[in-house]
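Here are a few friendly notes to read alongside the model. Keep the sequence and the 3D view open, and follow the points in order.

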Amino acid sequence: WAPWVVTRLNARLHTLLHFADVVLRHASVEHASGDTSTRGFVVNMAWLFETLITRLLDERTEGLAPQNTMPLDTAARLTIRPDLVWYGADGPVAVADTKYKLLDEKGNFPNSDAYQLVTYCARLDLSTGHLIYAAGDPHPEPYEIVGTGVRLVVHAIDIGRSMEDVESQVDRLAERLLAPTTSAACT
């Protein structure tokens with residue numbers, strides 16, 4: 001593989017690139033604390049995927065408030081914490097949740113993901129919510145959720161591609177997330 005060069009253009013990716021070097025060299029991370037020797041480590045891939053998508057979208061859009069905790073009930077005993085919420089002058093304009101999961105062979109996703117996003121849309125008074133998966137072939141048409149006035153749009157970012165291709169996919173995703181037809185409030 002070709003070594004990467006530190007530049008201001010890839011400054012936001014230095015940590016990820018160093019980690020990729022470790023993986024590509026089939027090296028390991030050593031932790032010297034204690035008497036036990038270990039040759040492995042755990043990477044929370046869901047967090048890594050969410051962080052990557054959040055950072056790329058933050059660079060491409062305005063008004064993004066990631067991981068913003070807000071009350072769900074009037075007494076604030078229940079809370080929600082959507083992965084991604086975009087705000088405009090009049091309040092929320094879009095909501096999305098990242099999922100480091102595969103869509104099934106038919107492009108479907110678990111009901112629990114739908115429940116979560118419908119709740120976000122209801123709380124934020126949005127008619128459209130977006131699910132962003134790490135891979136798969138989602139249905140091109142949105143899911144119209146009966147009795148709610150909410151539709152769910154499913155996207156997939158193929159993270160097995162080159163970083164340039166991932167960034168291009170996120171460019172297209174940013175356009176779809178903030179398109180005027182997907183950010184209208186429920187009536």
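1. A word on a loop residue to begin with: Ala76 is partly exposed, with 46% relative accessible area. Please bear in mind as you read on that this is a predicted model. Ala76 sits in the loop between β2 (70-71) and β3 (79-80). Its phi is positive, near 60 degrees, although Ala76 is not a glycine. This deserves a look because most residues other than glycine have a negative phi.

2. Where else does a residue other than glycine take a positive phi near 60 degrees? Asp125 does. You will find Asp125 in the loop between α3 (111-124) and β6. With a relative accessibility of 42%, Asp125 also counts as partly exposed; for both loop residues the values lie between the 20% limit for buried and the 50% limit for exposed.

3. Now for the overall layout. The protein chain holds four helices and eight strands. Going along the sequence, their order is α-α-β-β-β-β-β-α-β-β-β-α. The chain has 187 residues, and 35% of them count as buried. Among contacts with a separation of 6 or more, 53% are between residues 24 or more positions apart. About 11,400 Å² of the protein chain is exposed, with carbon and sulfur atoms supplying 56% of that area.

4. Helix α1 covers residues 14-24, and its buried residues are His14, Asp21 and Val22. Which side of α1 do they take? They lie on the same side, because the arc they cover around the axis is only 100 degrees.

5. Strand β5 (residues 91-102) is worth a closer look, and Tyr100 is one of its residues. Thr98 belongs to β5 as well. Is Thr98 buried or exposed? Thr98 has a relative accessible area of 8% and is therefore buried, the cut-off being under 20%. Beyond its neighbours within four places in sequence, Thr98 is in contact with Phe49, Glu50, Ile53, Asp83, Leu84 and Ile132.

6. Tyr100, by contrast with the buried Thr98, has a relative accessibility of 38% and counts as partly exposed. Tyr100 also contributes to a nonpolar surface patch of about 290 Å², together with Val43, Met45 and Ile159. If you are looking over the surface, this patch is one place to pause.

7. Strand β8 (residues 150-156) is mostly covered, with five of its seven residues buried. What does β8 pair with? Strand β6 (residues 128-135) runs parallel to β8, and six bridges join the two. Within that pairing, Ile132 has His155 of β8 as its bridge partner. Ile132 is also one of the residues in contact with Thr98, so you can trace a path from β5 to β8 by way of this residue.

8. Strand β7 (residues 143-145) pairs with β8 too, this time in the antiparallel sense and over three bridges. Here Glu144 stands opposite Arg151 of β8. Four residues lie between the strands of this β7 and β8 hairpin, where Gly147 takes a positive phi near 75 degrees. As a glycine, Gly147 can be read apart from Ala76 and Asp125, which are residues other than glycine.

Key. Residues are numbered from 1 along each chain as its sequence is written. This is a predicted model: local features need pLDDT of at least 70, side-chain atom pairs count only at pLDDT 80 or more; totals for chains, interfaces and linings use all residues. Side-chain values use heavy atoms; hydrogens and water are left out. Buried means under 20% relative accessible area, exposed over 50%, partly exposed in between (1.4 Å probe, protein chains only). Contact means heavy atoms within 4.5 Å. Accessible areas come from the Shrake-Rupley method with a 1.4 Å probe; for residues, only the protein chains shown count as cover. The arc is that of the directions from the helix axis to the C-beta atoms. Patches are made of residues with over 30% relative accessible area and no salt bridge: like charges are joined within 9 Å, nonpolar side chains (Val, Leu, Ile, Met, Phe, Trp, Tyr) within 5 Å. A salt bridge is a side-chain nitrogen of Lys or Arg within 4 Å of a carboxyl oxygen of Asp or Glu. Two strands pair if DSSP finds at least two bridges between them.
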